[in-house]
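Please walk through this structure with attention to how individual residues sit within their chains, and then to the overall form of one chain.

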Amino acid sequence: MKNIIYALLLLANSVFAIDIHEFKTEQQRLDYQQLTEELRCLVCQNQNIADSDAGLAKDLRNEVAKLVKQDMNQTQITDYLVERYGDFVRYDPPMRADTIVLWALPLFVLLLAAFIVIRTIKKNANSPHSQANTITNNTNEAD
Amino acid sequence: MNKTVLKALIPLVLFLSLVFLLYNGLGKDTRLLPSALINKPVPTFSLPSLLNNKTLSNESFKGQMYLLNVWASWCPNCRVEHPMVTEFARQNIIPVYGLNYKDDDATAKAWLNQFGNPYSDILVDSKGLVGIDFGVYGAPETFLIDGDGIIRHKIVGELNPQNIQNELLPLIEKYKNTIK
């Protein structure tokens, strides 16, 4: 009995976000799946439109399905929605002059970290009594 | 000596930039998204009117500057802003049209009967498809469209004396030469 209730509960959860769309080709089905996972729901902003139960997300899923069936490719559909909702609708922001910091900063931090690590390793390798050296260096500098 | 001081400052500078970054984000309403359609032509649409048997298209509004107010009877904040919309329409600055968004005609009409109809006419977008073309992600939303059919402003959320005074009126003044 308990098992049946659990099974029903599981079922109830998964029923919500299922829409039925019939696609002509496997490619269309894949496009639909990938797009709904990469497009952000504008109402519940930390969910993609595939996961969200919001009314708008459902409308956008239907819209994506409609466009996929009209043989638009993924880029065209993304552009179509960006034209209406702005870049915010994408989880994958484009690389442009005004977003370059977003893209370059992680790389910069990574390089900086690598630089610091390499320098520390080199320093330690060059001087076996590194700790003693640092202390003398510091005193020298302080003088 | 100098080098040591500079080195010691690095964590402080990093800390301060982090404080600046986080402080900037404080109090920001993340639900407010910039519209991608500002200074772009209004999307093409052709929708039935809620008030009569006419069909209204974007061409029907050519030459007039107007507000397009997205509302629905299911939307609590539309009720909150309703007196403001009524007051704005009463002042006859520019006409206010409604876009009845994902609503039921009968319920929408009952809502208007109860609270009054401030709109010069109302477009019915029962499926929300024109809403998608307008980048609508909730109600209420209000668009300012000039006489050339260009979207000049969008207000997400309720109209209030502040955004009318500080955002709408200056833009209406600026683009009033587009009215024919």
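At 56% relative accessibility, A:Asp71 counts as exposed, because the class of exposed residues begins over 50% relative accessible area. In this predicted model, A:Asp71 lies in the loop that links α3 (55–69) to α4 in chain A, and its backbone takes a positive phi of about 65° even though the residue is not a glycine.

Chain B offers a residue to set beside it. B:Asn92, which is not a glycine either, has a positive phi of about 55°, and its place is in the loop between α2 (76–90) and β4 (96–101) of chain B. With a relative accessibility of 66%, B:Asn92 counts as exposed.

Returning to chain A, one may ask which residues form the negative surface patch there. The patch is made up of A:Glu37, A:Glu38, A:Asp51, A:Asp53 and A:Asp92. Of these members, A:Asp92 can be placed in the loop between α4 (74–85) and α5 (100–126) of chain A, and its relative accessible area of 44% makes it partly exposed. That value still allows A:Asp92 to belong to a patch, because patch residues need over 30% relative accessible area, and they must also take part in no salt bridge.

The backbone of chain B has a further local feature, found at a proline. The peptide bond that runs from B:Ala139 to B:Pro140 is cis, its omega being near 0°, and B:Pro140 itself is located in the loop between α4 (129–133) and β6 (141–145) of chain B.

These loops belong to a chain whose secondary structure comprises five helices and seven strands. Followed along the sequence, the elements of chain B come in the order α-β-β-β-α-β-α-β-α-β-β-α, so that the pattern opens with a helix and ends with one under the DSSP assignment of helices and strands.

What, finally, is the radius of gyration of chain B, and what would be expected for a compact globule of 180 residues? Chain B has 22 Å, whereas such a globule would have a radius of gyration near 16 Å. The extents of the C-alpha trace of chain B can be read alongside this comparison, for along its principal axes the trace spans about 85 × 35 × 30 Å. As for the burial of its residues, 46% of the 180 residues in chain B are buried, a class that is reserved for residues under 20% relative accessible area.

Conventions: Residues numbered from 1 in each chain as written. Chains lettered and ligands numbered in written order. Predicted model: local features only at pLDDT ≥ 70, side-chain atom pairs only at ≥ 80, totals over all residues. Heavy atoms only, no water. Patch = residues over 30% accessible without salt bridge, like charges linked within 9 Å, V, L, I, M, F, W, Y side chains within 5 Å. Areas by Shrake-Rupley, 256 points an atom, 1.4 Å probe, with all protein chains shown as cover. Salt bridge = Lys/Arg side-chain N within 4 Å of Asp/Glu carboxyl O. Lys, Arg positive; Asp, Glu negative; His and termini not counted. Charge placed at Lys NZ, Arg CZ, Asp CG, Glu CD. Helix = DSSP H or I, 4+ residues; strand = E, 2+ residues; numbered from the N terminus. Buried < 20%, exposed > 50% of the residue type's maximum accessible area, 1.4 Å probe, protein only. Rg over C-alpha atoms; globule rule 2.2 N^0.38 Å.
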